Amino acid sequence: MAKITPLFSLKNLLVVSLALNVSLIWRAMHESEKCNFDSSFSLQQQRRSVMAGCVLKEKEHVSERTHLSLSSSPSPSPSSSLTSTDIQSQDGGERIINVDHDAVFARVDKDSSNSKSHCFGDPTMYEKYWQKAGDKTTIVIPGWQSLSYFSDVRNLCWFLEPEFAKEVVRLHKVVGNAITENHHIVVGTGSTQLFQAALYALSSQDASEPISVVSAAPYYSSYPSITDCVKSRLYKWAGDAKRFNKDGPYIELVTSPNNPDGSVRQSVVNRSGGILVHDLAYYWPQYTSITYPADHDLMLFTVSKSTGHAGTRIGWALVKDMEVAKKMTKYIELNTIGVSKDSQLRAAKVLKVVSDSCKPSGSEDECFFEFTNHQMSTRWKQLRMAVQKSGLFSVPELPSQFCTFLGRAFEPQPGNSSVNAFHVTFL
């Protein structure tokens with residue numbers, strides 16, 4: 001039988017295999033070099049683009065005289081990015097740029113699986129006081145407590161915890177910044193929910209068009225977005241109260257002390273058909289002098305500004321008109337079916353400790369408002385010194401007033417937007 005010679009011997013196969021492997025390795029190296037070159041070229045293009053943008057911005061900044069007015073900044077370095085929606089026009093040709101607190105104070109949280117950046121105002125500057133207070137503000141809530149939706153069915157605001165209502169009334173009497181008699185207390189998940197509830201309650205359900213909502217510029221930068229976030233047919237944002245000239249009903253937001261500049265505010269429009277909402281979140285002795293007990297129709301307060309407990313998410317409204325208070329309660333019922341009982345109980349405990357610390361004698365603790373007023377004063381002094389040395393910036397000069405609570409006069413020292421904010425003015 002004839003012997004069949006194989007086409008390829010083992011030696012031939014090894015040579016072919018080696019050649020293929022070398023070819024593949026060379027190709028992979030070539031592709032890698034090309035990829036690196038493209039990437040390097042792309043990065044160079046990006047760098048050139050960024051540098052060109054920076055040079056252009058620098059030229060723009062040099063071409064127009066820039067004056068920056070900064071409010072107190074006890075927080076980390078702010079971001080400098082601004083959007084066109086942050087710009088508000090004012091009389092006299094000024095452009096007021098309110099840097100939104102969500103974009104200003106950034107805290108970056110990174111985990112091993114995903115890098116995330118969270119930007120928010122974080123009012124932790126009173127932490128030392130509460131650490132020193134120790135267990136005085138500690139509460140224990142058993143598992144069987146707070147099971148029911150209802151707190152007090154006899155109350156107009158049926159989800160309002162009686163203990164929290166009691167401490168709200170007590171604190172206002174101690175400080176002397178608001179009258180609670182002949183007012184209904186409505187509790188909310190922070191003053192933001194109460195602001196929305198107020199707009200709902202003050203709007204006509206059968207109006208032919210949405211009621212206009214205005215505030216004098218510079219105003220809290222979140223007012224427009226909060227007002228228009230649900231695209232309600234009941235109300236809509238109408239801008240600067242100083243420029244508002246539309247006939248008919250309107251709602252004016254009066255923020256005093258104002259966020260962002262700390263000035264004492266009064267209503268601006270003052271026409272028939274107007275309804276006022278007073279946002280008094282900063283009307284506390286660490287920020288401004290208490291000169292009189294406020295007695296407006298609808299006033300908003302929050303623990304995030306009064307005590308620094310922003311994470312508790314509790315605010316309250318003092319409302320004269322029973323029907324308005326009922327509608328606000330109804331809105332919160334529809335929105336969140338009430339307000340956390342646990343948060344209210346914690347807030348009640350915190351407010352109690354604050355009121356106890358303000359006793360003329362018999363309290364071993366430092367008065368909360370003396371401590372926080374000193375903190376704000378120190379930070380404003382540091383800011384003014386830094387601004388003065390820079391030669392580029394200025395801070396607003398506001399007149400001193402006598403504070404009936406602290407018994408002395410001092411200049412306003414606004415905390416602004418979760419205790420931190422920037423007010424930038426370009427002349």
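Ala, Val, Leu, Ile, Met, Phe, Trp, Tyr, Cys and Pro count here as nonpolar, Asp, Glu, Lys and Arg as charged, and the others, Gly among them, as polar. With that sorting in hand, welcome to a set of close-ups from a predicted model.

**View A. A cavity of about 30 Å³ with a mixed lining****.** Two cavities of 30 Å³ or more are counted in the model, and this view is centred on the second largest, whose volume is about 30 Å³. Which residues line this second largest cavity? Look for Ala 216, then for the run Glu 252, Leu 253, Val 254 and Thr 255, and finally for Arg 265, Gln 266 and Val 268. By class, the lining of this cavity holds four nonpolar, two polar and two charged residues. Such spaces come to light when a probe the size of a water molecule is rolled over the atoms, which shows where empty space is left.

**View B. Two cis peptide bonds, each leading into a proline****.** Most peptide bonds are trans, so it is worth pausing at a pair that are not. The bond between Ala 217 and Pro 218 is cis, with omega at about 0°. Pro 218 sits in the loop that runs between strand E7 (211-215) and helix H6 (223-228). Ser 256 and Pro 257 are likewise joined by a cis peptide bond, here with omega at about -5°. To find Pro 257, follow the loop between strand E9 (250-255) and strand E10 (274-279). Readers coming from View A may recognise some neighbours in sequence: Ala 216 and Thr 255 are among the residues that line the second largest cavity.

**View C. Asn 182, a residue other than glycine with positive phi****.** Most residues other than glycine have a negative phi. Asn 182 departs from that pattern, with phi near 60°. The residue belongs to the loop between helix H4 (162-175) and strand E6 (184-188). Is Asn 182 buried or exposed? Its relative accessible area is 70%, so Asn 182 counts as exposed.

**View D. Ile 337, part of a nonpolar surface patch****.** Four residues, Tyr 149, Phe 150, Val 153 and Ile 337, make up a nonpolar patch on the surface, and together they offer about 460 Å² of accessible area. Ile 337 is placed in the loop between helix H8 (322-336) and helix H9 (341-357). Patch members must have over 30% relative accessible area; Ile 337, at 46%, is partly exposed. The backbone of Ile 337 deserves a glance too: its phi is positive, about 50°, although the residue is not a glycine.

**View E. Arg 170 and its two acidic partners****.** The model has twelve salt bridges in its count, and two of them come together at Arg 170. One partner is Glu 167, with the closest N and O atoms 3.7 Å apart. Arg 170 and Glu 167 are three residues apart in helix H4, and therefore separated by about one helical turn. Their surroundings can be read from accessibility: Glu 167, at 2%, is buried, while Arg 170, at 25%, is partly exposed. The other partner of Arg 170 is Asp 356, where the closest N and O atoms lie 2.6 Å apart. This second pair ties distant parts of the chain together, since Arg 170 is in helix H4 and Asp 356 is in helix H9, 186 residues apart.

**View F. A salt bridge between two loops, and a wider network elsewhere****.** Asp 295 and Lys 320 meet through their side chains in a salt bridge, at 3.6 Å from N to O. This pair also links distant parts of the chain: Asp 295 is in the loop between E10 and strand E11 (298-302), Lys 320 is in the loop between strand E12 (315-319) and H8, and 25 residues separate them. Asp 295 is partly exposed, with a relative accessible area of 35%, and Lys 320 is also partly exposed, at 33%. For the network, return to Arg 170: salt bridges with shared partners connect Glu 167, Arg 170, Lys 352, Asp 356 and Lys 359 into one network.

**View G. Met 376, a buried residue of helix H10****.** Met 376 is part of helix H10 (residues 368-390). With a relative accessibility of 0%, Met 376 counts as buried. How many residues lie between Met 376 and Pro 414 in sequence, and what is their C-alpha to C-alpha distance? Met 376 and Pro 414 are 38 residues apart along the chain, and their C-alpha atoms are 7.9 Å apart in space.

How values were computed
Residues numbered from 1 in each chain as written. Predicted model: local features only at pLDDT ≥ 70, side-chain atom pairs only at ≥ 80, totals over all residues. Heavy atoms only, no water. 1 Å grid on protein atoms, 1.4 Å probe; cavity = no way out; pocket = protein on both sides within 12 Å on 5 of 7 lines; lining within 4 Å. Points joined across faces, edges and corners; volume = space filled by probe spheres on them. Patch = residues over 30% accessible without salt bridge, like charges linked within 9 Å, V, L, I, M, F, W, Y side chains within 5 Å. Areas by Shrake-Rupley, 256 points an atom, 1.4 Å probe, with all protein chains shown as cover. Helix = DSSP H or I, 4+ residues; strand = E, 2+ residues; numbered from the N terminus. Buried < 20%, exposed > 50% of the residue type's maximum accessible area, 1.4 Å probe, protein only.
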